[in-house]
Amino acid sequence: MNILEIIAKKRDKKSLTKEEIEYFIEGYTNGSITDYQASALVMAIYINGMNDEEITNLTLAMAHSGEMLDLSVFGKNVVDKHSTGGVGDKVTLILMPIIASFGIPVAKMSGRGLGFTGGTIDKLESIPGYNTSVNIEDFINNVKEKGISLIGQTMNLAPADKKIYALRDTIACTDSIPLIASSIMSKKIAAGANKIVLDVTCGFGAFMQNKEDAIKLSETMNRIGKLADKETICIITNMDEPLGSAVGNNLEVIEAINALNGKMADDLKEVILELGAYMIKLAGINEDIDKNKEMILENIQNKKAYNKFVELVENQGGDISYIEDTTKFAKAKYIVPVVCKKDGYVEELNARKVGEISGALGAGRVRKEDDIDETVGVMLCKKVSDEVRTGDILAYVHANNEELSAKAVKDLEEVYKIGDIKPKRLEVILGIVK
Ligand code: URA
């Protein structure tokens with residue numbers, strides 16, 4: 001077998017065999033296949049697509065390209081969640097302690113932010129002392145003792161995905177259903193859970209820009225889940241505007257803590273309840289989705305979920321005084337209002353653009369090795385459909401540089417589209433694909 005024949009086959013719209021896909025993944029992971037050869041094949045896949053069998057073979061080959069986490073010690077109902085990425089997405093921080101508060105084991109490895117989207121690990125690291133690089137024995141012990149551990153990728157899980165994901169970013173091949181589906185599912189399979197709830201974001205701030213593509217991606221991932229014997233449910237959520245109010249690391253952690261204390265924006269609450277209710281169902285606790293939502297609200301109200309979060313932070317070396325008093329989090333030097341210039345209604349608030357503005361302030365990375373500034377970002381005071389008047393504050397820019405702050409204010413003034421007719425609130429849950 002040789003890589004030239006494999007590239008030519010996909011270039012000519014033919015299907016690849018399991019052996020050919022495994023040959024590519026093994027060779028690219030160990031370096032015997034070069035970046036330019038992999039680029040050619042990935043581009044051919046992007047243009048010509050893959051059938052279900054090829055996508056499954058690609059997923060399994062990537063999942064087995066490195067270490068596999070064994071969570072069987074926690075039984076058959078270990079549920080994981082994953083989001084296809086968004087802006088202001090602090091769902092994992094809120095949802096996982098909620099899930100653990102029901103006695104469902106949470107053993108989760110999360111990623112860092114890249115481009116205009118944030119990452120859970122960066123957010124957790126805004127809590128002083130929180131250790132995200134716990135070794136695997138301690139990670140498993142934390143779950144056994146506390147029922148929850150949230151860490152970064154300390155194992156070499158799906159290294160082929162890591163390489164291909166980084167490559168896709170540099171060759172304009174990110175938004176491809178076979179490539180996204182295999183990337184996500186390979187990580188989930190390697191990460192050991194046997195039930196998976198996927199938050200498939202859809203809209204301006206997501207890979208999937210329309211519902212039709214989001215359904216296609218969801219159906220593809222569900223089929224992979226079935227073939228890999230991992231029950232998978234996809235919840236399609238709206239990412240036209242950012243989720244909740246905060247975009248930026250410290251700001252999002254504070255919003256997550258407030259949410260666990262019962263103060264949660266409506267759109268964020270809907271996503272938490274929907275994903276959480278399905279996770280509880282898959283964990284075998286209770287079938288009734290509405291009842292599960294009630295149970296989640298109860299565990300927020302009685303502080304069980306908040307207490308789980310405190311336990312998690314303490315167990316991983318974090319300073320819980322910051323959780324108990326969020327005013328202790330470091331603040332940016334400049335906190336500048338974005339003032340509304342006309343009366344009307346917020347018609348559009350493009351999530352991708354808000355993510356890019358927050359990234360330009362220093363909250364995100366352009367390259368993997370870049371440092372981030374955890375204090376900067378954007379706090380949104382008005383969202384789509386809100387009535388606004390001249391002089392109202394639309395948002396606050398949190399910045400450490402005067403020039404960047406002025407630019408962010410100006411950019412946000414443009415991103416807030418104000419019209420005369422009140423639009424409907426954006427639908428938050430766009431579909432459920434089982
Ligand atoms: N998230 C992933 O993990 N992979 C993708 O390809 C897209 C989103």
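Which residues are around the ligand? In this predicted model, the answer is a set made up of His-82, Thr-84, Tyr-165, Arg-168, Ile-180, Ser-183, Ile-184, Lys-187 and Phe-207. Sorted by class, this shell has four nonpolar, three polar and two charged residues.

Three side chains in the shell deserve a closer look for their polar atoms. Lys-187 places a polar side-chain atom 2.6 Å from an oxygen atom of the ligand, and Arg-168 has a side-chain N or O atom 2.9 Å from a ligand oxygen. Ser-183, in turn, has a polar side-chain atom 2.7 Å from a nitrogen atom of the ligand. The ligand exposes 230 Å² when taken alone, and the protein buries 95% of that area. Two elements give two or more residues to the shell, namely helix 8 (159-170) and helix 9 (177-190). Of the shell as a whole, helix 9 supplies the largest share, with four residues.

It is worth turning next to strand 5 and its partners. Strand 5 spans residues 231-238 and is mostly covered, with seven of its eight residues buried. On one hand, strand 5 runs parallel to strand 4 (residues 195-202), and eight bridges join the two. On the other, four bridges link strand 5 to strand 13 (residues 429-433), and here the strands run antiparallel. Cys-234 is a handy landmark for both pairings: this residue of strand 5 is the bridge partner of Leu-198, and Cys-234 also stands opposite Val-433 in strand 13. As for the path between the parallel pair, the chain leaves strand 4, passes through helix 10 (residues 211-227) and enters strand 5, forming a right-handed β-α-β crossover. A reader tracing side chains here may recall that, in a regular strand, they alternate between the two faces of the sheet.

The loop between strand 4 and helix 10 holds Met-208. Is Met-208 buried or exposed? Its relative accessible area is 3%, and because this falls under the 20% cut-off, Met-208 counts as buried. A comparison along the chain adds some context: Met-208 and Asp-80 are 128 residues apart in sequence, and their C-alpha atoms are separated by 21 Å.

Taken together, the predicted model shows a ligand with 95% of its area buried by the protein, and a strand 5 that pairs in parallel with strand 4 and in antiparallel fashion with strand 13.

Methods
Residues numbered from 1 in each chain as written. Predicted model: local features only at pLDDT ≥ 70, side-chain atom pairs only at ≥ 80, totals over all residues. Heavy atoms only, no water. Near = heavy atom within 4 Å. Polar contact = N/O pair within 3.5 Å; in protein donor to acceptor, adjacent residues only side chain to side chain. Areas by Shrake-Rupley, 256 points an atom, 1.4 Å probe, with all protein chains shown as cover. Nonpolar A, V, L, I, M, F, W, Y, C, P; charged D, E, K, R; others polar. Buried < 20%, exposed > 50% of the residue type's maximum accessible area, 1.4 Å probe, protein only. Pairing = 2+ DSSP bridges. Right-handed = clockwise from strand over helix to strand, strands pointing away.
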